[in-house]
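This report introduces a single structure to a reader who has not met it before. Please keep the sequence and the 3D view at hand while reading.

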Amino acid sequence: MTETVPALQARRLCAAYHQQPVLEDITLSLPQGQWTAIVGPNGAGKSSLLNLVIGSLAPLRGELRVLGESPAAQRRAGNIAYMAQQENMEWDFPISVRDTVLTGRYGLMRHDPLWRRLAPRHWADPSHRQAVEAALDAVDMADYAMRPIGELSGGQKKRVMLARALAQQARILLLDEPLAGVDPPSEALILDTLERERRAGRTVIMVTHDMPSARVHADNVLLINRTLVGMGAPDEMLSDAMLARLAVGDRGALSGGERVAA
Ligand SMILES: Nc1ncnc2c1ncn2[C@@H]1O[C@H](COP(=O)(O)OP(=O)(O)OP(=O)(O)O)[C@@H](O)[C@H]1O
Ligand SMILES: [Mg+2]
């Protein structure tokens with residue numbers, strides 16, 4: 001697969017829950033290797049768009065390709081790492097921080113010899129252990145590796161879930177509000193980590209309400225309010241005029257068809 005295949009390509013994409021439309025007529029193309037911030041008001045359909053990309057929500061109409069294939073195929077192939085906005089996890093389950101992050105590697109463990117897959121986790125292939133330690137370091141949670149995840153604060157849990165996504169070392173990182181509820185030092189650390197991921201050639205797609213960080217770090221900003229209100233460079237998209245259009249879900253910015261990130 002070549003670098004020229006878009007990371008995401010949507011054509012007239014529509015999605016609904018119980019026949020209630022939540023996303024309508026989204027046509028866009030995002031190249032690989034860029035950092036895209038998805039911005040929009042509460043209920044705009046940002047998380048739903050990520051759910052389409054991971055294949056957990058089926059399009060009502062239209063088409064979505066991820067790296068040129070179906071979302072489900074790319075998810076199975078381990079090419080999409082995803083951090084949910086809110087984990088529906090039973091935090092009281094007695095699993096350590098390190099083992100939680102290791103679950104990010106489970107898809108890749110399919111390729112290990114059977115004896116390794118059946119062995120205790122501390123005998124996992126060194127590549128898995130190294131990826132886990134690097135991810136824990138990246139979010140500054142190495143000191144908490146042995147702690148049960150249920151004993152962490154909300155912001156710390158969020159950093160662990162980000163580490164789980166990083167540990168997968170996937171080509172596309174999909175992050176739903178990774179900065180919400182984390183303190184400023186952790187936010188800086190997470191943004192540095194994502195910069196490194198992007199420089200390593202990964203595609204970073206991040207839903208955020210944090211305009212300053214989107215302005216500084218993103219290559220593209222996608223404005224969503226049920227439909228695509230705008231897509232382009234942060235300076236243009238995060239102008240007062242565009243944000244005003246976003247608030248009312250104005251589609252005028254997009255008359256003329258498909259948007260392709262530069
Ligand atoms: N599982 C679901 N079943 C039914 N409706 C849903 C479901 N998930 C989301 N919705 C509805 O779809 C719309 C879009 O929700 P979505 O979570 O995608 O918004 P969002 O842009 O991520 O918002 P936020 O900024 O609050 O996270 C909302 O009106 C929401 O009520
Ligand atoms: Mg959301």
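The text below starts with the whole chain, then takes up two helices, the ligand and a few single residues.

## The chain as a whole

The model is predicted. Its protein chain contains eleven helices and ten strands. The chain has 262 residues, of which 50% count as buried. About 12400 Å² of the protein chain is exposed, and carbon and sulfur atoms supply 51% of that area. Contacts were also sorted by separation along the sequence: among those between residues at least 6 apart, 66% join residues at least 24 apart.

## Helix α6

Helix α6 covers residues 126-138, which makes 13 residues. From its first C-alpha to its last it reaches 18 Å, close to the 18 Å expected at 1.5 Å a residue.

Which residues of α6 are buried? They are H128, A131, V132, A135, L136 and A138. These residues lie on the same side of α6, because they cover an arc of only 160 degrees around the axis. The general background is that an α-helix has 3.6 residues a turn, so residues three or four places apart point the same way.

The cover over the buried residues of α6 includes four other helices: α3 (97-102), α4 (106-109), α7 (154-167) and α8 (184-199). Just after α6 comes D140, with a positive phi of about 60 degrees.

## Helix α8

Helix α8, one of the elements that cover α6, has 16 residues. The distance from its first C-alpha to its last is 23 Å, close to the expected 22 Å.

The buried residues in α8 are S186, I190, L191, T193, L194, E195, E197 and R198. Both helices and strands take part in covering them: the list includes α6, α7 and α9 (211-217), along with β3 (35-39), β6 (172-176) and β7 (203-207). After α8 follows G201, whose phi is positive, near 100 degrees.

## The surroundings of ligand 1

There are 13 residues around ligand 1, and G43, K46, S47, S48 and Q85 come nearest. Helix α1 (residues 46-53) gives the largest share of this shell, three residues.

The table lists polar contacts made by oxygen atoms of ligand 1.

| Residue | Partner atom in the residue | Distance to an oxygen atom of ligand 1 |
|---|---|---|
| G43 | polar backbone atom | 2.8 Å |
| A44 | polar backbone atom | 3.1 Å |
| K46 | N or O atom in the side chain | 2.7 Å |

On its own, ligand 1 has 640 Å² of accessible area, and the protein covers 60% of that.

## Single residues in helices

N51 is found in helix α1. Is N51 buried or exposed? It counts as buried, at 18% relative accessibility, since the cut-off for buried is under 20%. Leaving aside residues up to four places away in sequence, N51 touches Y17, S56, L57 and Y82.

T100 is found in helix α3, one of the helices that cover the buried residues of α6. T100 is buried, with a relative accessible area of 2%. A polar atom of the T100 side chain lies 2.8 Å from the backbone oxygen of S96. Not counting residues up to four places away in sequence, T100 touches I95, I149, V160, M161 and R164.

## Single residues in loops

L60 sits in the loop between α1 and β4 (61-66). With a relative accessible area of 41%, L60 is partly exposed. Which residues does L60 touch, not counting those up to four places away in sequence? They are C14, A15 and A16. L60 and C14 are 46 residues apart along the chain, and their C-alpha atoms are separated by 5.4 Å.

Q19 lies in the loop between β1 (8-17) and β2 (20-30). Although Q19 is not a glycine, its phi is positive, about 70 degrees. The relative accessible area of Q19 is 68%, and the residue is exposed.

Q169 has its place in the loop between α7 and β6. Q169 is not a glycine either, yet has a positive phi of about 50 degrees. At 43% relative accessibility, Q169 counts as partly exposed.

Terms used: Residues are numbered from 1 along each chain as its sequence is written. Chains are lettered from A and ligands numbered from 1 in the order in which they are written. This is a predicted model: local features need pLDDT of at least 70, side-chain atom pairs count only at pLDDT 80 or more; totals for chains, interfaces and linings use all residues. Side-chain values use heavy atoms; hydrogens and water are left out. Helices (H or I, at least four residues) and strands (E, at least two) are DSSP runs, numbered from the N terminus. The expected span of a helix is 1.5 Å times one less than its number of residues. Buried means under 20% relative accessible area, exposed over 50%, partly exposed in between (1.4 Å probe, protein chains only). The arc is that of the directions from the helix axis to the C-beta atoms. Contact means heavy atoms within 4.5 Å. A residue is near a molecule or strand if one of its heavy atoms lies within 4 Å of it. A polar contact is a pair of N or O atoms within 3.5 Å; within protein, one must be able to donate a hydrogen and the other to accept it, and residues adjacent in sequence count only if both atoms are side-chain atoms. Accessible areas come from the Shrake-Rupley method with a 1.4 Å probe; for residues, only the protein chains shown count as cover.
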